[in-house]
Amino acid sequence: HSAAARGYWKQQRQDKSKHGYKKSSSSSFYQQSEMVQVSPQRLSLKLRIKETYRFQMHYTQAEDYPVDLYYLMDLSKSMEDDKDKLSTLGDLLAESMRNITSNFRLGFGSFVDKVVMPYVSTVPKQLKEPCTGCAAPYGFRNVMSLSQNTDQFSKMVKEASVSGNLDAPEGSFDAVMQAVVCRNEIGWREKARRLLVLSTDAGFHYAGDGKLGGIIMPNDGYCHLDSSGLYTHSSLLDYPSISQINLKVKENAINVIFAVTEEKVPVYKQLQNQIEGASCGKLSKDSSNIVDLVKEQYEQISSSVELKDNSSSAVRVTYYSQCLDSSAKAKQTNRCEKIKVGDVITFSVEIEALHCPKDPKDWKQTFQIYPVGLNESLVVDLELLCDCACERPGNKDYVKHAAECNGHGTLKCGICECDSFHFGRKCECSATYGIEAKDAGQSCRADNTTLVDCSGRGNCVCGQCECETRQNEDEIVSGNYCECDNFSCDRRNGLLCSGPGHGSCVCGQCQCNPQYGGSACDCLISNQTCIAPGSDEICSGHGQCICGQCKCDQSDDGKYTGVFCDKCPTCPGRCQEFKDCVQCLMYKTGPLKNGDDCSTNCTIVPVAVDQVEVAEENGESLCAYYDEDDCRFAYVYTYDEKNRIILRAQKERECPPKVFMLGFVLFVVAGVVIVGMAMLLLWKALTTIHDRREFARFEKERMMAKWDTGENPIYKQATSTFK
């Protein structure tokens with residue numbers, strides 16, 4: 001089979017200019033010229049399965065590209081002020097868009113809701129005038145098809161009457177569906193950027209809501225407008241679903257702009273993510289910002305390009321681009337932004353054939369690669385090469401009764417297809433001897449649950465399996481059905497069955513040596529490595545020995561830890577066990593310091609260190625105590641690779657400094673006496689000063705007295721003189 005893809009461009013005469021790509025007929029120079037923003041326009045490919053083909057696709061934003069804008073407005077009573085504002089802004093909207101493109105057309109449509117309960121009141125009087133000054137309710141009406149007459153647009157908007165309904169959501173989906181699919185009635189042009197502006201201050205009904213009004217027939221997605229532009233099936237068909245709206249928007253290459261009030265923005269933001277090419281903007285309460293909103297949304301739409309495709313599941317399309325940064329490395333993306341008029345964006349497109357469809361009719365496919373929101377595309381005619389010409393009679397590689405097949409079969413593309421009486425790679429096996437041809441394959445299968453001969457690792461030759469030979473001579477496929485091998489067993493650290501010292505691979509399963517177990521022979525069967533020195537309990541009674549290692553239990557106090565699960569947050573461990581020996585051997589203190597008690601009871605000599613440091617990740621335990629001299633000493637115990645106890649003890653104890661008690665007492669007594677004397681002297685001084693001040697004040701007052709005892713008129717001498 002050929003491994004190369006064959007592709008060719010269906011060339012069109014194209015001129016790349018600042019105005020985009022222009023196609024022109026040969027009869028007249030640039031007469032009937034047509035803007036083209038996508039190049040190439042058609043591609044034919046033939047691909048084998050798992051084969052890829054890469055080519056370049058160009059997009060440019062053409063100058064003065066036609067724009068069709070259809071304004072779809074909610075004309076329920078709450079939007080009355082918005083309608084009045086829009087009628088005055090029609091000319092400004094048209095002028096603003098003509099600054100972008102001179103080829104601009106404007107249309108207008110309105111909607112309310114389905115004229116059935118419970119959406120609108122069906123009382124006869126309410127059907128005629130649901131609210132004061134309101135027109136009769138309706139589903140959707142195409143008021144003005146797309147036109148360059150902006151005066152007509154303003155007039156139509158001004159003359160349009162508002163109406164009323166009962167529930168809060170509106171029938172906007174009915175209106176959007178009709179505005180999208182009624183291409184001729186609305187007037188959508190084939191080569192133009194199509195904008196559908198939906199203006200509302202309410203939510204929306206969608207598929208299934210029609211059941212509330214007794215409408216059970218699903219929306220058919222077709223146009224149902226009468227000659228006056230009125231939607232005739234509003235009361236017959238249910239609302240369309242979001243997926244239906246998305247499908248029709250994609251088919252008709254329309255960009256939907258949701259112009260909604262602030263409180264509805266979050267809902268429509270979510271909706272825009274479900275509809276291809278949709279966007280959402282915040283509308284002021286009276287729609288006074290509609291011109292700026294439409295202009296802003298249009299600039300966002302036109303300044304970006306996003307490629308999509310409608311290929312089948314048998315094909316994968318991948319996009320790469322540098323966008324506007326020519327110095328950057330191309331990255332996988334289907335979207336570029338900040339594009340201006342005249343910029344050319346190049347996408348590298350990769351098409352890969354994934355698999356052959358079951359139906360041969362699907363081996364030839366046609367799909368489109370298109371920029372979202374534009375009615376232009378690259379059409380790809382793809383032929384999947386799922387069979388070969390050499391499989392058909394008449395081809396030179398199609399030979400009946402070929403010598404290569406021992407005259408018992410047909411040679412197709414170099415492979416023998418045997419007749420009903422022979423089998424084998426070269427039809428060398430006869431069905432008349434030994435195994436019947438129809439049973440030959442079965443004899444090469446372990447049971448009837450599979451249709452694969454020899455486990456897919458050998459060839460069935462005359463009813464017996466010949467197993468394949470591996471490139472590595474040490475790797476052997478064996479067994480009656482090639483079901484066994486010595487290389488597909490479980491591995492540990494890259495070693496088959498953990499290495500020759502642990503086990504060997506036999507028929508895809510590890511056969512372990514006596515001391516090992518597990519699927520990869522990586523587990524020690526013995527529990528000795530899980531028993532702490534000096535103990536006879538597995539994992540200190542706080543865990544299970546799995547593969548020669550302790551898996552510790554979890555208690556109410558916490559989880560046990562350590563190599564032998566001998567540590568827990570509230571357990572003392574073996575610190576107390578080694579305390580007395582460390583005291584007598586290192587510091588000659590403790591209960592074993594007298595006589596031969598120390599040498600008799602203590603066989604493990606601690607290693608003296610200046611500072612005790614503990615490495616808990618290595619299973620070390622820190623112990624610290626105070627002795628009879630109130631000195632602190634610390635030591636660490638752990639286990640070596642042979643599970644022997646190792647002690648490291650602090651070389652010197654940490655003792656408090658000695659205190660001279662008599663001197664301290666005398667110092668305290670002297671201090672008390674001195675402080676007492678000082679306080680007495682201070683009291684005496686303060687008293688003396690106070691007395692002197694009082695005496696001085698008395699003397700001063702006496703000196704300042706203005707009378708004397710001799711001059712007192714009341715005073716009389718004790719004797720009287722009579723003459």
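**Helix H8**

I started with helix H8, whose buried residues are Ile 290, Val 291, Leu 293, Val 294, Gln 297, Tyr 298, Ile 301 and Ser 302. Seen down the helix axis, these buried residues of H8 fall within an arc of 165°, so they line one face. The arc is taken over the directions from the helix axis to the C-beta atoms. I count a residue as buried under 20% relative accessible area, exposed over 50% and partly exposed in between (1.4 Å probe, protein chains only).

A note on what I'm looking at: this is a predicted model, where local features need pLDDT of at least 70, side-chain atom pairs count only at pLDDT 80 or more, and totals for chains, interfaces and linings use all residues. Residues are numbered from 1 along each chain as its sequence is written, and side-chain values use heavy atoms, with hydrogens and water left out.

Helices (H or I, at least four residues) and strands (E, at least two) are DSSP runs, numbered from the N terminus. What does the buried side of H8 pack against? I found S8, H1, S11, S12 and S13 there (contact means heavy atoms within 4.5 Å).

**Strand S9**

Next I looked up S9, residues 104-111, and 8 of its 8 residues are buried. Phe 104, Leu 106, Phe 108 and Ser 110 point one way, while Arg 105, Gly 107, Gly 109 and Phe 111 point the other way. That fits the general rule: in a regular strand the side chains alternate between the two faces of the sheet.

Which strands pair with S9? S8 runs parallel to S9, joined by 8 bridges, and S10 is antiparallel to S9 over 5 bridges. Pairing takes at least two DSSP bridges between the strands. On the S8 side, Met 73 stands opposite Ser 110; on the S10 side, Phe 140 stands opposite Phe 111.

S8, helix H1 and S9 also make a right-handed β-α-β unit. Right-handed here means that, with the strands pointing away from the viewer, the path from the first strand over the helix to the second runs clockwise.

**Cysteines**

I then checked disulfides, meaning cysteine sulfur atoms within 2.5 Å, and the count comes to 22. One of them joins Cys 444 and Cys 460, sulfurs 2.0 Å apart. The torsion about their S-S bond is about 70°, so this disulfide is right-handed.

Cys 497 and Cys 510 form another, left-handed at about -95°. Cys 497 is buried at 0% relative accessible area, and Cys 510 is buried at 16%.

Why is Cys 388 not bonded to Cys 390? Its sulfur is 4.7 Å from that of Cys 390, the closest cysteine sulfur, and that is too far for a bond.
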